[in-house]
Amino acid sequence: MTTDNTIPAFGLGTFRLKGQVVIDSVKNGLDLGYRLIDTAQIYGNEAEVGQAIAESGVPRSELFITTKIWTDNYAKDKLVPSLKESLAKLRTTHVDLTLIHWPSPGNAVPVGEFMGALASAKAEGLTRRIGVSNFNIALMKEAIAAVGANEIATNQIELHPYLQNRKVAEFAKSQGIHITSYMTLAYGKVLSDPVIEAIAKAHNATIAQVVLAWAMQLGYAVIPSSTKRVNLEGNLKARQLRLTDAEMAQIAALDRGQRLTDPAGLSPAWD
């Protein structure tokens, strides 16, 4: 059995978006041509995402839906039932990708147990692909030992010009595991960067487009979110932008290890 672990390079994130705000964002995104929608159990918006998709009229076969299992649901007897609840909220029989959202706090549920449960969910047809999020190299090695590297579609991590996470990205690449960059714009912190601003001017592009293009040119998938239709539309144009080797090197030099997401009790020992 061959595993198709390809994932779209560009998608729509829904972190922190709730209620009508997320419905409008997803509907606008789908209308503009987004086809990957990324949500999670802990976001509390799966039902709204499902509603937006249903009302959009876009056929399910064109969509790539990602959700993430929350830490409370990692035990072998809880993971599959929790995913079935997510599917009901999303109004679909399967998702395209299911991720373990964070390492199990205090290793309460061993990696082998939750990866095994995730593999069972895939075998049942509840998800087409499986993967992890916020895993360091040691945890990725455990996940690989549990299910095999070829079963892990992606590791979704914070990655932006100020936190380039090269050790994790290089290890993942060596194992054939895609990296998905979240917070690619560093909560907007990179949008006033003079180096990136100069590159954007040279291309007659926005800073956001340059940063998203940079990540995709490195081979990473990106899932930016926005509540504004004009920004959703602008972000999509990053797919057509190609940066020069010199520009890529300029952005590479901006790395300062500035981590913005580091929740106590959830974060692993970062590489």
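This is a short talk on one protein chain, going from its sheet to its core, a helix, some loops and the salt bridges.

Hi everyone, and thanks for coming. Please keep in mind that the model is predicted.

Let's start with the sheet. Eight strands make up an open sheet, ordered 1-2-3-4-5-6-7-8, and the pairing is parallel. At the edges sit strand 1 (12-13) and strand 8 (221-222), each of which pairs on one side only. As a reminder, strands of a sheet pair through backbone hydrogen bonds, and they can do so parallel or antiparallel.

Now some of the pairings. Strand 2 and strand 3 run parallel and are joined by 3 bridges. If you want to find the register on screen, look for I37, whose bridge partner in strand 3 is I65. Further along, 5 bridges connect strand 6 (residues 152-158) with strand 7, again in parallel. To get from strand 6 to strand 7 the chain passes through helix 6 (residues 166-174), and this β-α-β crossover is right-handed. Here the residue to look for is Q156, with T180 as its bridge partner in strand 7. On to the next pair: strand 7 and strand 8 are parallel over 2 bridges, and S181 stands opposite V222 in strand 8.

How enclosed is strand 7 by the rest of the structure? Of its 5 residues, 4 are buried, so strand 7 is largely enclosed.

That brings me to the core. Nonpolar side chains tend to be buried together in soluble globular proteins. In this model the largest nonpolar core has 92 residues, and those with the most contacts inside it are V26, F114, M115 and V210. Which helix gives the most to this core? That is helix 8 (residues 207-217), with 9 residues. Let me zoom in on M115: leaving out residues up to four places away in sequence, M115 touches I100, I130, V132, A143, A146, V147 and I152.

Next, helix 2, residues 46-56. Its buried residues are E46, V49, G50, A52 and I53. Looking down the axis of helix 2, you find these buried residues within an arc of 160°, so they line one face of the helix. What do they pack against? Their partners are helix 1 (19-32), strand 2 (36-38), strand 3 (64-69) and helix 3. Just after helix 2 comes G57, with a positive phi of about 80°.

While we are in that area, have a look at L87 in helix 3 (residues 76-90). L87 is buried, at a relative accessible area of 5%. Setting aside neighbours within four places in sequence, L87 contacts T92, T93, H94, V95 and L126. L126 is 39 residues away from L87 along the chain, yet their C-alpha atoms are separated by 8.1 Å.

A quick word on backbone angles. Most residues other than glycine have a negative phi. Two residues here go the other way. N107 is not a glycine, but has a positive phi of about 55°. N107 sits in the loop between strand 4 (97-100) and helix 4 (111-123), and is partly exposed, at 48% relative accessible area. M183, also not a glycine, has a positive phi of about 55°. M183 lies in the loop between strand 7 (178-182) and helix 7 (194-203). Is M183 buried or exposed? With 14% relative accessibility, M183 counts as buried.

Last topic: charges. Side chains of opposite charge can pair when their charged atoms come close. The structure holds 9 salt bridges, and I'll show you three.

In one of them, the side chains of D31 and R229 meet at 2.8 Å, N to O. This pair links distant parts of the chain, with D31 in helix 1 and R229 in helix 9 (residues 229-236), 198 residues apart. D31 is exposed at 55%, whereas R229 is partly exposed at 33%.

Another joins E124 and K84, with 3.7 Å between the closest N and O atoms. E124 is in the loop between helix 4 and strand 5 (130-133) and K84 is in helix 3, so the pair ties together parts 40 residues apart in sequence.

The third is R166 with D255, where the closest N and O atoms are 3.4 Å apart. R166 belongs to helix 6 and D255 to the segment after helix 10 (245-252), 89 residues apart. R166 is partly exposed at 35% relative accessibility, and D255 is partly exposed at 28%.

That's my tour, and I'm happy to take questions.

Conventions:
Residues numbered from 1 in each chain as written. Predicted model: local features only at pLDDT ≥ 70, side-chain atom pairs only at ≥ 80, totals over all residues. Heavy atoms only, no water. Buried < 20%, exposed > 50% of the residue type's maximum accessible area, 1.4 Å probe, protein only. Contact = heavy atoms within 4.5 Å. Core = buried A, V, L, I, M, F, W, Y, C linked by side-chain atoms within 4.5 Å. Arc of directions from axis to C-beta. Pairing = 2+ DSSP bridges. Right-handed = clockwise from strand over helix to strand, strands pointing away. Salt bridge = Lys/Arg side-chain N within 4 Å of Asp/Glu carboxyl O.
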